[in-house]
Amino acid sequence: MLRYLEENTRVRYEAQSAYADYYPELPGGMPGYRSMDPIPFHAGKLGGEFANLRPTTPATLMLGRMAMTMKEARVLLCRGKGFLLTSMRILWRYYRDIFWRLKSGRDRYLTMGNALIAALRASMLDRDIPLWLNSPMESLVNANGQVIGVVVNRDGKPVRIKARKGVIIGAGGFESNQAMRDKYHPQPSRTLWSAAPEGINTGDGIQAGLNLGAATALMAHSWWAPTSHVAGETRSRAMFVERALPNCILINKDGKRFMNEAAPYNDFGDGMYGTESVPCWFVFDAQYRHKYPCGALLPGYAVPDKAVPKRYKNFFQKAQSLEALAEKIGVDATGLQETVTNYNHYSAEGKDPEFGKGDSLFDRYYGDPNTSPNPCLGPLEKGPFYAVKVNIGDIGTKGGLVTDVDGQVLREDGRAISGLYAIGNTSASVMKQTYPGAGSTIGPAMTFGYLSANHIARRQVDARTVKAGDLADQNTQGHKNAVVGENSRRPVFLPGLC
């Protein structure tokens, strides 16, 4: 798949040498080079389509505005070696785009996910592939047990489109559908706690498959992540890196730690639900506050408490003592004091005998290399002390339609639904309950898109079946394939992508 993209599209990746698998100590685990990161892409190559690209999350931008690569972000996180030079390079890169700066504050130097989507979109433009925005699928068209098209809503009108060989649904999961979360997820589970883009992944693709008798799996699971919420915002912010840093702990209502704070974010599903620690609290001291970011808060050296924007004032609780902080957040004060005393001792020794924070190479990737003997352990000893409420959120749901090795959607009895394919979070994840490393969502999504397209190209379809669907009307588009996917706003129709 990757070779095909590099030879036929604008997509380019590079291996991350220092980014470990999430469980590098397990058999087959690797300390680096497995996860790939998109090479930066300039938005000028998109022309007017740049306006349709969803902006990246502020957490991946320096000062909430300037794009960073993974390597640059790691240097800035702990003000590591080359901090000033890296900061100056990012500033220069941003402000040298002077003519664009006169029009917009948005950075045209795209990194990470924005770089991938922009490169894919530019490749579609190169091939003159139509992209229909704001055209959600209303239903699949089925004739004699075979999917032969889709009905989409375009400009307020239903449009039926013929798919001579197949339909691929890549419309995401159901993290924005509260009714489905209530039905399938462990509780409590809230759309507001998700860090995925708001409103676009409502389970429509999964439901369309269910309407045709498709099997599902892993519906109780998500790509879990601890998240924090800012009042007034419609989505939460995932806490990917903060937890691995020194001078912080996660506690439950008893004031006790309940898992390794630096563990891979997907582990928090079992960690929080399994110990009834929903919600929990992220507690840190003045040392942490000064040096590191936390959710909506930039490091104190950049934005001290007195300069924190008013809309963030209720994001955190603050007190001069642990006892006072415990009272503010409603946790057991004695339990919190005992936990901090033990944790401070572990920090001095450089070893966490309770949960092993900092033992894994993955833990240490986001630790502070300036802290020893363990870059993930540091005492909570300097007031004031802070607490941020943490919920069990996600970056997407994991359950969906069961598929085979070619991406064909299967029925409960294991037979394929002819002409129907599912990829990405519309399909049940090949990773089952776990999350072995960065790219475990987008990698399989792209790979099964590639496999499905190749399978569609090889298919021999009885023309009489398609004709029986009676799709040849004035609204029918004669494309070989139809792909239902997602864009910057909601599910879309991408005719002819395969």
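## Close-up views of a predicted model

**View A. Lys351 pairs with Asp359 in a salt bridge.** In this predicted model, the closest N and O atoms of Lys351 and Asp359 lie 3.2 Å apart. Lys351 is partly exposed, at 47% relative accessible area, and Asp359 is partly exposed too, at 36%. Elsewhere, salt bridges with shared partners tie Glu72, Arg89 and Arg93 into one network. In total, the structure contains 16 salt bridges.

**View B. Glu338 and Lys256 join distant parts of the chain.** Their side chains form a salt bridge with an N to O distance of 3.0 Å. Glu338 belongs to helix α11 (residues 333-349), while Lys256 sits in the loop between β14 (248-251) and α8 (268-273), so look for two partners 82 residues apart in the chain. Glu338 has a relative accessibility of 42%, which makes it partly exposed. Lys256 is partly exposed as well, at 33%.

**View C. Arg257 meets Glu261 in a salt bridge between buried residues.** Here the closest N and O atoms are 2.7 Å apart. Arg257 has a relative accessibility of 8% and counts as buried. For Glu261 the value is 0%, so this residue is buried as well.

**View D. Helix α2 turns its buried residues to one side.** Glu72, Leu76 and Leu77 are the buried residues of this helix, which spans residues 70-77. Because they cover an arc of only 135 degrees around the axis, they share the same side of α2. Their cover includes β4 (61-62), β5 (66-67), α3 (83-95) and α9 (286-291). Follow the chain to just after α2 and you will meet Arg79, with a positive phi of about 50 degrees.

**View E. Ser429 is a buried loop residue.** You can find Ser429 in the loop between β20 (416-422) and α13 (442-458). Its relative accessible area is 13%, so Ser429 counts as buried. The Ser429 side chain comes to 2.9 Å from the backbone nitrogen of Met431. Neighbours within four places in sequence aside, Ser429 has contacts with Leu218, Trp223 and Lys398.

**View F. Ile98, Phe99 and Leu102 make a nonpolar surface patch.** Together, these three residues offer about 390 Å² of accessible area. Ile98 is part of helix α4 (residues 98-101). With a relative accessibility of 44%, Ile98 is classed as partly exposed.

Methods. Residues numbered from 1 in each chain as written. Predicted model: local features only at pLDDT ≥ 70, side-chain atom pairs only at ≥ 80, totals over all residues. Heavy atoms only, no water. Patch = residues over 30% accessible without salt bridge, like charges linked within 9 Å, V, L, I, M, F, W, Y side chains within 5 Å. Areas by Shrake-Rupley, 256 points an atom, 1.4 Å probe, with all protein chains shown as cover. Salt bridge = Lys/Arg side-chain N within 4 Å of Asp/Glu carboxyl O. Helix = DSSP H or I, 4+ residues; strand = E, 2+ residues; numbered from the N terminus. Buried < 20%, exposed > 50% of the residue type's maximum accessible area, 1.4 Å probe, protein only. Polar contact = N/O pair within 3.5 Å; in protein donor to acceptor, adjacent residues only side chain to side chain. Contact = heavy atoms within 4.5 Å. Arc of directions from axis to C-beta.
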